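Please open the structure in your viewer and keep the selection tool at hand. The tour below goes from one selection to the next and says what is found at each stop.

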Amino acid sequence: MKKRRVIGSALLSFVMGISMFATAAFGQQTSNQETYRVLIHGPTSEKAKAKASFGVRWDFDSKGFTTTVNAQQYQALLNNKNLTVERLPELQFITTANLAAKPGGTTSSGPSDQTPWGIQAIYNDSTIASTSGGSGIKVAVLDTGVNANHPDLTSNVEQCKDFSQTKVSLVEGSCSDGNGHGTHVSGTVLANGGISGKGIYGVAPQAKLWSYKVLNNRGSGYSDDIAAAIRRVADEATSTGAHVIISMSLGSSTKDSLISSAVDYAYGKGVLIIAAAGNDGPGTNTIGYPGALVNAVAVAALENVQENGSYRVADFSSRGNPSTAGDYIIQERDVEVSAPGRAIESTWNDGGYNTISGTSMATPHVSGLAAKIWAANTSLSNVQLRTELQNRAKSNDILGGTGSAAGDDYASGFGFPRVK
């Protein structure tokens, strides 16, 4: 039966191989040395006064503007009855030992496999030696940045922007990755084997990378920076006429209004948004945001069951709503597709390679596949491209155990989309 897509009605720490928890210390004793990121909204005249007093990091028009204040300034804002002030939490990750990145890469010997198991799986070819595709497509990876000098990535880096600095809102031409996560994700999307041809390959090695650093080197970031980056991608896609995919391996259990509206804005501008489902499984209704949004493709993580050539949803992978399984309708908090996410080898920020796990690793497989499909048929809209991903998704080689609705499962979504 041919799948059809129906859209139902209707921050951030990154989802690498880790569990994530918001760490906003609301209600604790504060000092004037502490700073907070806040969203301020109110009458135009009052907002203008606040802007003049505290400065503006990002202006979201009708939603208000954001700025950074100390504890005394924050209290003064709360005392202004004409303003609505929302404190934006900084979210951080907490590592889980069996999923987190191993320290250091393998800089001396190259990758253990130029086409790791996830690449072989998404190409449905266990003998593939290199990959191709993605020409003309831009993939905006919103993460911890990238090692733009990595030999397997350097020729593909087209844009670098840093939204994570504390003193300025945006630094053009900068996207240094002091963590490794962003470099790893980028490699799975579009690593090209390097000049020597002995490096690692991603899904779509001819695609171009827009690296937008929205998470600092600890792997945390504010929702206003992420929302601003999403909007910047959408505006650049519109002004240049480029086909652009946003890949976000980050998430939170909390829905954020700034990010939600930014995703809607970008989707309306023709950008396809692909995001991690989260690492809070195996319980139901654990999918995180922004992946849980209707206008984002939520990706679950698969692991390889080597003894019989099948796959299963990893235990850590967040699940959607079982009550909507089998309805072929993408609603909020639904997993849409799944892809390899456990023990994924890719590029690392030290110039070498590393193997880590998480729905963070599954997401760029789908982003790369989307780039490859779009490059082969640029007449597709972002909505049609999304439908094509769904139509390519198969569930018959994903072992059951957490829901058995064929083709629309709350754990694996429509299934595993592939090149062929």
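The stops that follow cover a sheet, then charged pairs, then aromatic rings.

This is a predicted model, in which local features need pLDDT of at least 70 and side-chain atom pairs count only at pLDDT 80 or more, while totals for chains, interfaces and linings use all residues. Residues are numbered from 1 along each chain as its sequence is written, and side-chain values use heavy atoms, with hydrogens and water left out.

**The sheet**

Begin by selecting strands 5, 6, 4 and 7, which in that order make up an open sheet of four strands with antiparallel pairing. Helices (H or I, at least four residues) and strands (E, at least two) are DSSP runs numbered from the N terminus, and two strands pair if DSSP finds at least two bridges between them. At the edges are strand 5 (58-59) and strand 7 (84-88), each of which pairs on one side only. Now select strand 4 (residues 35-41) together with strand 7, and you will have an antiparallel pair joined over five bridges; within it, His-41 has Thr-84 of strand 7 as its bridge partner. Add helix 1 (residues 44-54), which packs on the sheet and touches strand 4, strand 5 and strand 6 (65-70), its direction making about 45° with that of strand 6. Contact here means heavy atoms within 4.5 Å, and the angle, on a scale from 0 to 180 degrees, is taken between N-to-C directions of axes fitted to C-alpha atoms, for helices over the stretch in contact.

**Charged pairs**

The structure holds 16 salt bridges, each being a side-chain nitrogen of Lys or Arg within 4 Å of a carboxyl oxygen of Asp or Glu. Select Lys-138 and Glu-158, whose side chains meet in one of them at 3.2 Å, N to O. Because Lys-138 belongs to strand 9 (residues 137-143) and Glu-158 to strand 10 (residues 157-162), the pair ties together parts that are 20 residues apart in sequence. Lys-138 is buried, at 16% relative accessible area, whereas Glu-158, at 40%, is partly exposed; buried means under 20%, exposed over 50% and partly exposed in between, with a 1.4 Å probe and protein chains only.

Move next to Arg-418 and Asp-397, which form a salt bridge at 2.2 Å, N to O. Both residues lie in the segment after helix 8 (382-392), 21 residues apart. Arg-418 is buried at 11% relative accessible area, and Asp-397 also counts as buried, at 19%.

**Aromatic rings**

How many aromatic pairs does a search of the whole structure find? The search finds seven, where rings of Phe, Tyr and Trp (its six-membered ring) pair if their centres lie within 6.5 Å, with planes under 30 degrees apart counted as stacked, over 60 as edge-to-face and the rest as tilted. Select Tyr-36 and Tyr-74: their ring centres are 5.1 Å apart and their planes stand at 70°, so the pair is edge-to-face. Tyr-36 lies in strand 4 and Tyr-74 in helix 2 (residues 71-78), so parts 38 residues apart in sequence are tied together. Both Tyr-36 and Tyr-74 are buried.

Keep Tyr-36 selected and add Arg-87, which lies over the face of that ring at 4.0 Å from its centre. A charge sits over a ring if NZ of Lys or CZ of Arg is within 6 Å of the ring centre and within 35 degrees of the ring normal. As a last stop, select Trp-58, Phe-163, Trp-210 and Tyr-212, which form one aromatic cluster.
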